[in-house]
Each structure stands twice: as structure tokens, then as C-alpha cells.
Amino acid sequence: MENKIYILDASGIINGFYSDKTQNIMTSKAVEEIKDLQTQIKLDECIENGIIKIEDITPDDYEKIMPTLLESGDFLRLSDTDKQIVALALKYKNNGYNPITVTDDYSMQNTLKLLDLKFKPVNTKGIKNTIQWKRICKGCKKEYEADYPYDECEICGSEIIRKRVGGRNNY
């Protein structure tokens, strides 16, 4: 599968990564994370020259990643921007492309790996194993769904924490 494209997280462009030879795509939310002037100028130049394209996802694209986010426990670990970037990568893979997501975010890498999507870290080594998380009450040990919106147990009022369930090497 040749059709290689890069899906850029803000950390990719901040750390100077983009390809002159391959299409680069960012979401508008990722663009909003660019705060320093030098990176913003470079980004604007890349957009103007067609090197980087801005594309957002649809609710259908978002829904396709939800089962993996909930099962892995990464739902609460990823920002909305991170979720959009993962959904965009999956959309391109499903459309016959070979997307490579450029990110140093370990939780995003975890989700990408679980979805069998490629990633390229810029300033880190990247993850080797995937991890799954569950949310449990620190007091009574009641388990909660990954998207449970509260930080306190509905039974005993104790703090709800994330606990690593296990990891698996996907190489």
C-alpha cells in the first residue's frame, strides 16, 4: 500500500516534522494548539504552499474509534484533539491510504497501535507495548466504564483511579 500520508499532531510540526514529498494533514484543533510564533509562521507557510492540508472529521469518523478507546481505557487519557487525529488516521486507512501519525503522545500511540495504525515519534522512542486501563474505586474497588464522567465513587465516595490491566507487545 503506497499512498503514504502523514497525519500531524501539533508536536510533529512544533518539533519541525513535515514532509515535502508526501501529503501532510492536520485537524483544525491540532492547528489551534500551535502557540509559538515561529511554528505558526512555518505552519502558515506550509498551508499556503499546499504542503499541509487542514481537514476535520465527521461524527461517523469519530464513532469508529470509540469502541477501541473505551475498551483500552484511553477514552479519558486522550484530548478531543488527540481523538480527532486518531479518527482522521483511521479514516484515511479505511480509504486505502497508508497513514502515519506523527506524535510523541504515548496514549495516542497506544490507541493507534490497538487500531493497527502506524505512528512516527519525533522526540521520543515511542511505545513498544500497548496498555489497557480500567477505572476502579480506590476504596471499595468497584469498577467503572472508561467514559464514567466522575472522579468519585457513587457507592463510597472514594477517588476513582486508573489501574493498568496489562500490556501486550504488538511487534
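User: What share of the contacts in the protein with a separation of 6 or more comes from residues 24 or more positions apart?
Analyst: In this predicted model, residues 24 or more positions apart account for 57% of those contacts. A pair counts as a contact when heavy atoms lie within 4.5 Å.

User: Which helices and strands make up the protein, and how many residues are buried?
Analyst: The protein has seven helices and eight strands. Of its 171 residues, 44% are buried.

User: What makes a group of residues a nonpolar core, and which members of the largest one touch the most other members?
Analyst: The members must be buried residues of the nonpolar kinds, joined through side-chain atoms within 4.5 Å. The largest such core has 36 residues, and those that touch the most other members are Ile7, Leu8, Met26, Leu43, Ile52, Ile65 and Leu112. Helix α6, residues 80-94, contributes the most to this core, with seven residues. Another core, separate from it, has five residues, among them Cys137, Tyr144, Cys153 and Ile160.

User: Which residues does Leu43 touch, not counting those up to four places away in sequence?
Analyst: With those neighbours set aside, Leu43 touches Ile13, Met26, Val31, Ile34 and Ile52.

User: How many aromatic pairs does a search of the whole structure find, and why is the pair of Tyr6 and Phe17 called edge-to-face?
Analyst: The search finds two aromatic pairs. For Tyr6 and Phe17, the ring centres are 4.9 Å apart and the planes stand at 75°. Rings pair if their centres lie within 6.5 Å, and planes over 60 degrees apart count as edge-to-face. Both conditions are met by the values of 4.9 Å and 75°, and therefore the pair is edge-to-face.

User: Where do Tyr6 and Phe17 lie along the chain, and are they buried or exposed?
Analyst: Tyr6 belongs to strand β1 (residues 4-8), whereas Phe17 lies in the loop between α1 (10-14) and β2 (24-26). The two are 11 residues apart, and their pair links distant parts of the chain. Both Tyr6 and Phe17 are buried.

User: What makes the pair of Tyr92 and Tyr97 edge-to-face?
Analyst: The rings of Tyr92 and Tyr97 are 5.2 Å apart from centre to centre, with 75° between their planes. The distance satisfies the limit of 6.5 Å and the angle is over 60 degrees, so this pair is edge-to-face.

User: Why does Tyr92 count as buried, and why does Tyr97 count as partly exposed?
Analyst: Tyr92 has a relative accessibility of 9%. Buried means under 20%, so Tyr92 is buried. Tyr97 has 31%. Partly exposed covers the range between 20% and 50%, and therefore Tyr97 is partly exposed.

User: How do you know that Asn129 is partly exposed, and where is Asn129 found?
Analyst: The relative accessible area of Asn129 is 34%. That value falls between the limits of 20% and 50%, so Asn129 is partly exposed. Asn129 is found in strand β6, residues 129-137. Its C-alpha atom is separated by 7.7 Å from that of Asn110, 19 residues away along the chain.

User: Why is Ile47 called partly exposed, and which residues is Ile47 in contact with beyond its neighbours within four places in sequence?
Analyst: Ile47 has a relative accessible area of 33%. With limits of 20% and 50%, Ile47 is therefore partly exposed. Ile47 lies in helix α3, residues 37-48. Beyond those neighbours, Ile47 is in contact with Ile52 and Ile54. The C-alpha atoms of Ile47 and Leu115, 68 residues apart along the chain, are separated by 28 Å.

Conventions:
Residues are numbered from 1 along each chain as its sequence is written. This is a predicted model: local features need pLDDT of at least 70, side-chain atom pairs count only at pLDDT 80 or more; totals for chains, interfaces and linings use all residues. Side-chain values use heavy atoms; hydrogens and water are left out. Helices (H or I, at least four residues) and strands (E, at least two) are DSSP runs, numbered from the N terminus. Buried means under 20% relative accessible area, exposed over 50%, partly exposed in between (1.4 Å probe, protein chains only). Rings of Phe, Tyr and Trp (its six-membered ring) pair if their centres lie within 6.5 Å; planes under 30 degrees apart count as stacked, over 60 as edge-to-face and the rest as tilted.
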